[in-house]
Amino acid sequence: MDRYARWNALLEMLTDSGRVSVEEAAERLDVSQATIRRDFDQLAQQQMITRTRGGAVANGVSYDLPLRYKTAKHSAEKQRIGAAAAALVSPGTVVGLNGGTTSTEVARALAVRPDLNTSAEGAQLTVVTNALNIANELLVRSRMKVVVAGGVVRPKSFELVGPLGGALLREVTLDVALLGVDALDPQLGAAAHHEGEAAMNNLMVARAKRVVIIADSSKLGGHAFARICPVERVETLVTDSGAAPELVDAFRAAGVAVICA
């Protein structure tokens, strides 16, 4: 297990229990207590936890981990979801894409499709995004037309939020919005932890002809603070094969097409 994977696991432990000792963490992660002490010290320096004698306590922010610490979680599932979602995109369309680890996998899958890159007739795909990392993934890997919404950067997700980005989104039309979410419920719809991100995502939904939610099975049936859109607005859900059958049935009963990658 590499350092970032350990940090992610430690932060999840603290989210669950609020407090973790060095001995408990070392036993659960099968590493030395010295390694855990160094990890705790480094996380405390970044103000992600509070160090205590013999352990650490949560700072109350670990429910919304910085993006760079999330990459190890459900990575195989997210890669399959990314490939399946990218397959729904046709050449010549305008795609909205928000931030997050699953959206990053979608961007990578889009970037390696030769039929979506620039031809003699011009850009074969236009991507509108409010995430700096998504724009970078596409710019360094492909020759697509990339439009970045303005706003204030959220360091945790690299997403741009606020009225500046909203002004741009209100002036464009999207053929499809591919949106990663923090939670998707058959009754409550799609939601995000941060209200600024939810507002930007809601604008993408309003400007899109089709809405596709990309979410691994851990996000299904869950709740988050700020609603993005009702389930009635979602055309398709792309998730992984670990999705609970009763939840898949509930989404389909609500009129959502479900793809289990």
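Are Arg6 and Asp39 buried or exposed? In this predicted model, both Arg6 and Asp39 are buried, and the two residues form a salt bridge in which the closest N and O atoms are 2.7 Å apart. The pair links distant parts of the chain, since Arg6 belongs to helix 1 and Asp39 to helix 3 (residues 33-45), with their positions 33 residues apart in the numbering. The description below begins with the part of the chain that contains this pair, and then turns to the second sheet, the nonpolar cores and the remaining salt bridges.

According to the UniProt record, an unreviewed entry, residues 3-58 carry the feature "domain: HTH deoR-type". In the model this span is 64% helix and 20% strand, and its end C-alpha atoms lie 19 Å apart. Three strands form an open sheet in the order 1-3-2, and their pairing is antiparallel. Strand 1 (19-21) and strand 2 (49-52) stand at the edges of this sheet, where each has a single partner strand, so one side of each is left without a neighbour in the sheet. From one strand to the next, the twist averages 25°. Strand 2 and strand 3 (residues 55-58) run antiparallel and are joined by four bridges; within this pairing, Thr50 has Val57 in strand 3 as its bridge partner.

Two helices are placed against these three strands. Helix 1 (residues 3-17) lies across strand 1, strand 2 and strand 3, and runs at about 125° to strand 1. Helix 2 (residues 22-29) packs on the sheet as well, touching strand 1, strand 2 and strand 3, with a direction that makes about 80° with that of strand 1. Helix 2 also contains a salt bridge between the side chains of Arg28 and Glu24, with an N to O distance of 3.4 Å. Because Arg28 and Glu24 are four residues apart in helix 2, they are separated by about one helical turn. Arg28 is exposed, with a relative accessible area of 52%, whereas Glu24, at 32% relative accessibility, counts as partly exposed.

A further open sheet consists of seven strands in the order 6-5-4-9-12-14-15, and the pairing here is parallel. Its edges are formed by strand 6 (145-148) and strand 15 (257-260), each of which has a single partner strand, so one side of each is left without a neighbour in the sheet. The twist averages 20° from one strand to the next. Four bridges join strand 14 (residues 236-239) to strand 15, and these two strands run parallel; Thr236 has Ala257 in strand 15 as its bridge partner. Helix 4 (residues 75-86) packs on this sheet, where it touches strand 9, strand 12, strand 14 and strand 15, and its direction makes about 145° with that of strand 14.

The largest nonpolar core has 33 residues, and those with the most contacts inside it are Leu184, Ile213, Ile228, Leu237 and Phe251. The elements that give two or more residues to this core are strand 9 (174-180), strand 11 (189-192), helix 8 (195-207), strand 12 (208-214), strand 13 (226-229) and helix 9 (245-253). Of these contributions, that of helix 8 is the greatest, with five residues. The surroundings of one core residue can be followed through Ile228, which touches Leu179, Val181, Ala190, Ala191, Ala192, Ala198, Asn201, Asn202 and Val205 when residues up to four places away in sequence are not counted. A second, separate core has 24 residues, among them Ala107, Val127, Leu178 and Val212.

A search of the whole structure finds nine salt bridges, and the pairs Arg6 with Asp39 and Arg28 with Glu24 have been described above. In another salt bridge, the side chains of Arg113 and Asp115 meet at an N to O distance of 2.7 Å. Arg113 has a relative accessibility of 18% and counts as buried, because the term applies to residues under 20% relative accessible area. Asp115, by contrast, is partly exposed, with a relative accessible area of 34%. Finally, Glu105, Arg108 and Glu137 are linked in a network of salt bridges.

Terms used: Residues are numbered from 1 along each chain as its sequence is written. This is a predicted model: local features need pLDDT of at least 70, side-chain atom pairs count only at pLDDT 80 or more; totals for chains, interfaces and linings use all residues. Side-chain values use heavy atoms; hydrogens and water are left out. Two strands pair if DSSP finds at least two bridges between them. Axes are lines fitted to C-alpha atoms, for helices over the stretch in contact, and angles run from 0 to 180 degrees between N-to-C directions. Contact means heavy atoms within 4.5 Å. A nonpolar core is a set of buried Ala, Val, Leu, Ile, Met, Phe, Trp, Tyr and Cys residues joined through side-chain atoms within 4.5 Å. Buried means under 20% relative accessible area, exposed over 50%, partly exposed in between (1.4 Å probe, protein chains only). A salt bridge is a side-chain nitrogen of Lys or Arg within 4 Å of a carboxyl oxygen of Asp or Glu. UniProt positions are given in the numbering used here, feature names are shortened, and annotations may be inferred rather than shown by experiment.
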